Structure formats: C-alpha cells, structure tokens
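Reader: I would like to understand how the descriptive words used for a protein model are justified. Could we go through them with the values set beside the definitions?

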Amino acid sequence: MKKSIFYLLMIPVFFFATACSSHGDIPSSDVPQDIITNFNSRYPGADHIKWKTEKKDGKTIYEAEFLINGAKVEAEFDEAGNFIREED
C-alpha cells in the first residue's frame, strides 16, 4: 500500500520535471553554432558562461550569463543567432 501511494505521488513530480527540463540550463554544446559565433564576436574575453533557454511568444530564446571585465552580464539571442538584448 505504501509503495502504491509513493508511486502515485511521484507521477506529478515526474511530469513536472519533464516539463521543466525543456527550459533552463543547457550545456554550451547544445547552443546552435550561429549563436555561439555571434556571442563570441560581441563578447570576446567573456568568462564563466552559462547558457539557458526560455520560451517567449512560442520561440526559443537563448540567454547567456557571463562575466566580462569582472562585471556580470546577460545577453539574449534568438534561434537564428540574432542578438536581442543585453542586461548588466
């Protein structure tokens, strides 16, 4: 009985985890090459780069969080590699 309850409680957790895995942190190897190329040309010397994805208006947005000259910066790119915006 306890196992049945446990498995029933785990079903929503599994579906939530699956849904969340499509957004959030991703390895740089999963970022399209056009985005990497544009990022590297805009931010030479960037360090400690972390990539995330999110959906906006049905489109995937790639966000890089990184350090440049000691300052934390965030930059967003669309799926085609076009720069969208930057935040300090």
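Reader: Why is Lys-56 called partly exposed?

Author: Lys-56 has a relative accessible area of 32%, and the term buried is kept for under 20%, exposed for over 50%, and partly exposed for what lies in between, using a 1.4 Å probe and protein chains only. Lys-56 is therefore partly exposed, and Glu-54, with a relative accessible area of 28%, is partly exposed for that reason too. Please keep in mind that this is a predicted model, in which local features need pLDDT of at least 70 and side-chain atom pairs count only at pLDDT 80 or more, while totals for chains, interfaces and linings use all residues. Residues are numbered from 1 along each chain as its sequence is written, and side-chain values use heavy atoms, with hydrogens and water left out.

Reader: What makes the meeting of Lys-56 and Glu-54 a salt bridge?

Author: A salt bridge is a side-chain nitrogen of Lys or Arg within 4 Å of a carboxyl oxygen of Asp or Glu. For the side chains of Lys-56 and Glu-54 the value is 3.4 Å from N to O, so the definition is met. In general, side chains of opposite charge can pair when their charged atoms come close.

Reader: What makes Glu-76 count as buried, and with which residue does Glu-76 form a salt bridge?

Author: Glu-76 has 4% relative accessibility and therefore counts as buried. Its salt bridge is with Arg-85, the closest N and O atoms being 3.2 Å apart, and Arg-85 is partly exposed, at 34%. Arg-85 also forms a salt bridge with Glu-87, where the closest N and O atoms are 2.2 Å apart. Through salt bridges that share partners, Glu-54, Lys-56, Glu-76, Arg-85 and Glu-87 are joined into one network, and a search of the whole structure finds 5 salt bridges.

Reader: How do you know that the buried residues of helix H2 lie on the same side?

Author: Helix H2 covers residues 33–42, and its buried residues are Ile-35, Ile-36 and Phe-39. They cover an arc of only 100° around the axis, which puts them on the same side of H2; the arc is that of the directions from the helix axis to the C-beta atoms. On the other side of H2, Gln-33, Asp-34 and Ser-41 are exposed. Helices (H or I, at least four residues) and strands (E, at least two) are DSSP runs, numbered from the N terminus.

Reader: The structure holds 7 aromatic pairs; why is the pair of Phe-39 and Phe-77 called edge-to-face?

Author: Rings of Phe, Tyr and Trp (its six-membered ring) pair if their centres lie within 6.5 Å, and planes under 30 degrees apart count as stacked, over 60 as edge-to-face and the rest as tilted. The ring centres of Phe-39 and Phe-77 are 6.3 Å apart and their planes are at 70°, so this pair is edge-to-face. Because Phe-39 lies in helix H2 and Phe-77 in strand S4, the pair ties together parts that are 38 residues apart in sequence. Phe-77 and Phe-83 also form an edge-to-face pair, with 5.7 Å centre to centre and 70° between the planes.
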